[in-house]
2 protein chains.
Amino acid sequence: MSSGDPETRKRILEKTWHLMEKRGGQNVKISDIARAAGISRQAIYLHFGSRAELLVATVRYVDEVKQINERLKGMSTVANALQVLENYVEFWGNYIPEIYGLAKALLTARETDQDAAAAWNDRMEVVHQGWRKVIDCLVREGRLAPEWDLDQAADAAWAITSISVWENLALERGWSTSEYVSRMKTILKRMLVKNQL
Amino acid sequence: MSSGDPETRKRILEKTWHLMEKRGGQNVKISDIARAAGISRQAIYLHFGSRAELLVATVRYVDEVKQINERLKGMSTVANALQVLENYVEFWGNYIPEIYGLAKALLTARETDQDAAAAWNDRMEVVHQGWRKVIDCLVREGRLAPEWDLDQAADAAWAITSISVWENLALERGWSTSEYVSRMKTILKRMLVKNQL
DNA sequence: TCCTTACTTTACACCGTGTCAATTGACGTT
DNA sequence: AACGTCAATTGACACGGTGTAAAGTAAGGA
């Protein structure tokens with residue numbers, strides 16, 4: 001599964017990414033990717049064992065380029081909790097459109113492929129952990145609304161900021177990125193923060 | 001597309017529904033449905049022109065049995081707005097698990113089929129309209145939080161109560177139906193209602 | 001010269017959807 | 001009793017997309 005020129009491998013990953021982005025993660029066949037990369041369809045299989053494997057590798061590649069893990073894990077939790085929350089929404093809301101196509105493809109692959117499912121869950125867990133940290137700030141400042149505990153609030157915030165909700169609002173209802181971000185801030189602050197009138 | 005015994009047709013619809021429910025809308029082949037209905041695979045095509053058509057017909061059938069349209073449109077808006085909101089969440093939160101499998105299948109079919117997409121949008125529009133009515137009650141009582149206007153609030157409430165969010169919370173995070181309902185009430189009240197402290 | 005590496009070409013198997021044609025068996029009609 | 005019709009059956013096949021297998025080729029290094 002890993003013979004073949006590393007440069008070609010990289011070209012495949014880049015074209016996969018590009019095509020997924022362009023077509024919103026749908027109608028991207030292996031042969032399309034091969035054509036875009038200027039190689040034969042079979043050559044793809046010299047580098048990746050299956051469609052799902054290619055997808056997962058592309059996610060890792062994009063991740064590496066965009067440093068999403070580092071940015072999420074290294075997110076500052078020193079400021080006041082409200083600011084941390086706003087920063088998180090700001091970051092995530094601007095990030096979603098960049099990765100939507102690929103995420104969508106992975107989401108679809110997950111239905112049938114076990115590795116794709118694992119890769120997806122892995123990504124989602126990181127975002128969920130991010131929310132836990134944000135809400136922990138609120139807890140430490142005593143500003144989490146009394147209806148919530150840490151775990152439930154993290155689940156809820158994570159689900160509400162999920163990609164499918166973004167899809168509904170941005171693609172179906174026409175919310176722009178800045179509208180999404182500012183309204184999501186409103187939702188989450190009202191929902192989570194004590195004395196938010 | 002509509003020759004064939006109406007009783008057989010009904011049996012197909014019922015088995016489709018049943019299988020979709022049982023398998024969460026995934027891995028349900030036409031041949032599975034045929035086997036369950038005790039007929040040949042080809043006989044399905046005597047009644048329905050395609051998989052998507054069968055799916056859409058099943059949705060209509062379930063709709064008819066469950067009277068979802070009537071229940072949504074006839075929902076009482078006489079009580080105080082907060083009660084209307086709670087009733088809506090209560091109804092919808094209990095309804096989702098009943099239709100999840102079928103909804104999931106329709107959601108998948110929508111990616112490739114135009115009719116399935118239309119059927120889905122149609123269902124979603126009804127739910128969105130429901131939210132508009134709920135929020136209109138809040139507006140009339142002057143209790144909608146000042147950050148919102150009617151349309152944006154309806155979009156947001158609709159997206160937050162979407163099936164994919166339920167999927168995340170109920171199936172991934174293990175929220176029970178009653179937990180989902182009560183926490184969703186909390187979210188929506190805090191998010192939308194003025195002076196909700 | 002020979003071997004290896006990376007890729008090509010051609011061909012085919014598999015799966016699920018959808019199509020087609022010939023056949024059967026149970027009914028009503030006249 | 002012969003006829004037609006309707007609903008379903010059987011069996012075969014095409015298509016699209018994924019994945020496998022095998023033989024061939026062109027370039028570079030020992």
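Begin by selecting DNA strand D in this predicted model, and then show the residues around DNA strand D, of which there are 17, with B:G4, B:D5, B:T8, B:S40 and B:A43 being the closest. If you colour these surrounding residues by character, you will find that the surface near DNA strand D divides into 5 nonpolar, 9 polar and 3 charged residues.

Next, select the helices behind this surface: helix 2 (30-37) and helix 3 (41-47) of chain A, together with helix 3 (41-47) of chain B, each supply at least two residues of the surface near DNA strand D. Which of the elements gives the most to the surface near DNA strand D? That is helix 3 of chain B, which contributes 3 residues.

Now turn to chain A and select helix 4, which covers residues 51-66 and contains A:R60. Is A:R60 buried or exposed? A:R60 is partly exposed, because 13 other C-beta atoms lie within 10 Å, a count that falls between the 12 or fewer of an exposed residue and the 20 or more of a buried one. Add A:A119 to the selection, and you will see two residues that are 59 residues apart in sequence, while their C-alpha atoms are 9.0 Å apart in space.

Finally, select the place where the two protein chains meet, in which 20 residues of chain A are in contact with 20 residues of chain B. On the side of chain A that touches chain B, the elements that give two or more residues are helix 8 (150-160), helix 9 (163-172) and helix 10 (177-192) of chain A. Coloured by character, the residues on this side of chain A divide into 8 nonpolar, 6 polar and 6 charged.

How values were computed:
Residues numbered from 1 in each chain as written. Chains lettered and ligands numbered in written order. Predicted model: local features only at pLDDT ≥ 70, side-chain atom pairs only at ≥ 80, totals over all residues. Near = placed C-beta within 6 Å. Helix = DSSP H or I, 4+ residues; strand = E, 2+ residues; numbered from the N terminus. Nonpolar A, V, L, I, M, F, W, Y, C, P; charged D, E, K, R; others polar. Contact = placed C-beta atoms within 7 Å.
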